Every structure is written in C-alpha cells, then in structure tokens.
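Here are some exercises to work through with the model open in your viewer. Try each task before you read its solution.

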Amino acid sequence: MATVTNSLGRVLPCFVPGYGPVRPFQGAFAVLEQETPSARLPPTRPLPRTSGRLPSKRVGSLAEALSLAGIHDGSTLSFHHHLREGDQVVGLALKAARELQVTGLTLAPTALFEVHGTVLAEHLRDGVVHQIQGSMNG
C-alpha cells in the first residue's frame with residue numbers, strides 16, 4: 001500500500017476505498033499558497049501614515065467604512081446579536097451597502113430578531129441581500 005506523510009509526521013494511505021485519494025494536511029497556510037488567487041483571502045490594507053503618526057480609524061460614514069473594508073457584490077457581512085430588539089446596526093449597514101450599489105450580500109448574523117424583519121424583507125426584495133446564514137430568534 002502506498003503511503004504519504006503529513007506535516008505532523010503521521011503516515012497515511014494515499015488512497016482510502018470509499019473516500020478516494022488522500023491529500024495530507026501540510027500546514028494551516030500551505031493550501032493557500034497552491035490554490036488560485038481567487039481562493040485566497042483578500043490582503044489587508046495598512047492604514048497610511050500621516051506626519052509619522054497612524055491616522056484615526058474613524059471615517060465620515062458607515063458607507064465609507066464599508067467601502068474602505070473592500071465590500072463588493074457577493075460579500076458576506078457578519079453581525080453579533082447583543083443589541084437584540086434595540087439593534088439598528090443591521091439596517092444601517094444594509095442601507096449603506098445599498099448606497100454603494102452593492103448587491104448579492106450574504107448575511108451571517110449570530111441571531112436576528114423581530115426588529116430586523118421589515119429591514120431584511122426590503123433588502124431581500126431589492127437584491128442587496130441574497131441569503132442569510134445564521135439563526136433566527138425572536
């Protein structure tokens with residue numbers, strides 16, 4: 001039987017019946033170096049220095065922040081649930097995405113509540129949001 005050794009020194013078979021060829025684990029980032037550029041995470045953007053100091057991370061609007069973060073059609077936006085029924089962050093972020101003419105977003109919230117219903121329906125109808133992956137509470 002042909003074998004291959006993974007990055008932890010474990011010997012594995014090259015083929016497992018019912019599974020197929022085995023691609024051994026070679027390290028957390030080894031695959032990223034071999035895959036196509038589209039499979040890689042986007043590069044981070046360092047903040048430009050002004051007068052030798054780091055600038056403030058504050059920007060003029062949520063739309064500007066989303067733009068600087070590289071939002072584009074098909075992006076995923078994630079939200080945490082702590083504000084619950086008082087939360088307006090989801091709606092404000094989707095409104096900003098609409099201002100930027102971004103469509104096909106995937107929302108990945110830890111939870112959604114009744115307060116989000118109308119806002120989500122509106123943005124699902126107009127194509128800003130394409131899908132929601134997460135739990136629904138409320």
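Keep in mind that this is a predicted model.

**Exercise 1. Start from T76 and build up the sheet around it: which residue is its bridge partner in β6?**

Step 1. The partner of T76 is T106, over in β6.

Step 2. Now zoom out to the strands: β5 and β6 run parallel and are joined by four bridges.

Step 3. Move on to the next pair. β6 and β7 are also parallel, with three bridges between them, and here L107 sits opposite I132 of β7.

Step 4. Put the strands together and you get an open, three-stranded sheet with the order β5-β6-β7 and parallel pairing. β5 and β7 (129-132) are the edge strands, each pairing on one side only. From one strand to the next, the twist averages 25 degrees.

**Exercise 2. Place the helices on this sheet: which strands does α3 lie across, and at about what angle to β5 does it run?**

Step 1. Look at α3 and you'll find it across β5, β6 and β7, running at about 160 degrees to β5.

Step 2. Do likewise for α4. This helix lies across β6 and β7, and its angle to β7 is about 125 degrees.

Step 3. Follow the chain from β6 through α4 into β7, and check the handedness: the β-α-β unit they make is right-handed.

**Exercise 3. Find the largest nonpolar core: how many residues does it have, and which have the most contacts inside it?**

Step 1. Count the members: there are 17 residues, and I71, L77, L94, L105 and L107 have the most contacts within the core.

Step 2. Sort by element. Two or more residues each come from α2 (62-68), β5 (76-79), α3 (89-99) and β6 (105-109), with α3 giving the largest share, five residues.

Step 3. Zoom in on L105. Ignoring neighbours within four places in sequence, its contacts include I71, L77 and L94, along with A97, V128 and V129. Polar company turns up too, including H72, S75, H130 and Q131.

Step 4. For background, nonpolar side chains tend to be buried together in soluble globular proteins.

**Exercise 4. Take H123: is this residue buried or exposed?**

Step 1. Locate H123 first; its place is in helix α4 (residues 117-125).

Step 2. Its relative accessibility is 3%. Buried means under 20%, so H123 counts as buried.

Step 3. See who surrounds it. Leaving out residues up to four places away in sequence, H123 touches L94, K95, R98, V128 and V129.

**Exercise 5. Trace the charged pairs: how many salt bridges does the structure hold?**

Step 1. There are two. One of them pairs E122 with R98, with the closest N and O atoms 3.0 Å apart. This pair links distant parts of the chain, E122 in helix α4 and R98 in helix α3, 24 residues apart.

Step 2. R98 also forms a salt bridge with D126, at 2.3 Å from N to O. D126 is in the loop between α4 and β7, and the two residues are 28 apart.

Step 3. Connect the pairs: through shared partners, R98, E122 and D126 form one network.

Step 4. Check the accessibility of each member. E122 has a relative accessible area of 34%, R98 has 32% and D126 has 35%. Partly exposed lies between 20% and 50%, so E122, R98 and D126 are partly exposed.

Terms used:
Residues numbered from 1 in each chain as written. Predicted model: local features only at pLDDT ≥ 70, side-chain atom pairs only at ≥ 80, totals over all residues. Heavy atoms only, no water. Core = buried A, V, L, I, M, F, W, Y, C linked by side-chain atoms within 4.5 Å. Buried < 20%, exposed > 50% of the residue type's maximum accessible area, 1.4 Å probe, protein only. Contact = heavy atoms within 4.5 Å. Pairing = 2+ DSSP bridges. Axes fitted to C-alpha atoms, helices over the stretch in contact; angles between N-to-C directions. Right-handed = clockwise from strand over helix to strand, strands pointing away. Salt bridge = Lys/Arg side-chain N within 4 Å of Asp/Glu carboxyl O.
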